[in-house]
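Here are my notes on this one, written as numbered points. Keep the 3D view open and look for each residue as you read.

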Amino acid sequence: MINSDISIAHQDYLKAIYMLLSRGQEASNSAIAQAMGVAPASATNMVKRLAEAGLIEHAPYRGVRFTPAGQQVALEMVRHHRLIELFLHDIL
């Protein structure tokens with residue numbers, strides 16, 4: 001289950017990172033900022049917070065990658081979103 005301590009903003013960033021990495025793209029701060037539609041400084045700040053939370057590892061100029069805990073949270077979140085989308089598609 002997704003940890004309730006993880007904010008919606010954290011979840012959005014984790015999903016953006018997941019989507020970038022799943023497409024084979026580098027999840028650099030600038031790529032994350034572009035995917036989220038925010039300023040690079042905002043993405044950098046969130047990357048630091050996610051790293052402090054132990055969800056990602058950040059190597060300057062090399063982008064980010066998930067820790068095992070971050071990978072688990074991101075996968076669970078993407079699965080939940082897909083289930084909701086499928087439910088809404090079937091109902092509507």
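1. Start with the core. In this predicted model, the largest nonpolar core has 22 residues. The ones with the most contacts inside it are L14, I17, I32, L50, I56, V64 and F66. Helices α1, α2, α3 and α4 (68-91), along with strand β2, each supply at least two residues of this core. The most comes from α1, which gives five residues.

2. Now pick out I17, one of those well-connected core residues. What does I17 touch once you leave aside its neighbours within four places in sequence? The list is A27, I32, L50, I56, V64 and F66.

3. Next, V64, which sits in strand β2. Is V64 buried or exposed? With a relative accessible area of 6%, V64 is buried, because the cut-off for that is under 20%. Not counting residues up to four places away in sequence, V64 touches I17, L21, A27, I32, V47, I56, E57 and H58. The pairing of V64 with I17 is a nice one to look at: they are 47 residues apart in sequence, yet their C-alpha atoms are 8.0 Å apart in space.

4. Zoom out to the whole chain. There are four helices and two strands, and from the N terminus on they run α-α-α-β-β-α. Take the contacts with a separation of 6 or more: 52% of them are between residues 24 or more positions apart. V64 and I17, with their positions 47 residues apart in sequence, show you what such a pair looks like.

5. Does the overall size fit a compact globule, or clash with it? For 92 residues, such a globule would have a radius of gyration near 12 Å, and the chain has 13 Å, which agrees. Along its principal axes, the C-alpha trace spans about 45 × 25 × 20 Å. Of the 92 residues, 35% count as buried. The accessible surface comes to about 6,100 Å², and carbon and sulfur atoms account for 56% of that.

6. Helix α3 deserves its own point. How far apart should the ends of its 13 residues (40-52) be? At 1.5 Å a residue the helix should span 18 Å, and the C-alpha atoms at its ends are indeed 18 Å apart, so the two values agree. Its buried residues are A43, M46, V47 and L50. Looking down the axis of α3, you'll find these buried residues within an arc of 105°, so they line one face of the helix. On the other side, A41, K48 and E52 are exposed.

7. What does that buried face of α3 pack against? The partners of its buried residues are α1 (8-22), α2 (29-36), β1 (56-59) and β2 (63-66). You have already met L50 among the residues with the most contacts in the core, and V47 among the residues that V64 touches. After the helix comes G54, whose phi is positive, near 80°.

8. Last, a backbone detail to check. Most residues other than glycine have a negative phi. Y61 has a positive value, near 65°, and Y61 is not a glycine. Where is Y61? Look in the loop between β1 and β2. Y61 counts as exposed, because its relative accessibility is 84% and the cut-off is over 50%.

Key
Residues numbered from 1 in each chain as written. Predicted model: local features only at pLDDT ≥ 70, side-chain atom pairs only at ≥ 80, totals over all residues. Heavy atoms only, no water. Expected span 1.5 Å × (residues − 1). Buried < 20%, exposed > 50% of the residue type's maximum accessible area, 1.4 Å probe, protein only. Arc of directions from axis to C-beta. Contact = heavy atoms within 4.5 Å. Rg over C-alpha atoms; globule rule 2.2 N^0.38 Å. Areas by Shrake-Rupley, 256 points an atom, 1.4 Å probe, with all protein chains shown as cover. Core = buried A, V, L, I, M, F, W, Y, C linked by side-chain atoms within 4.5 Å.
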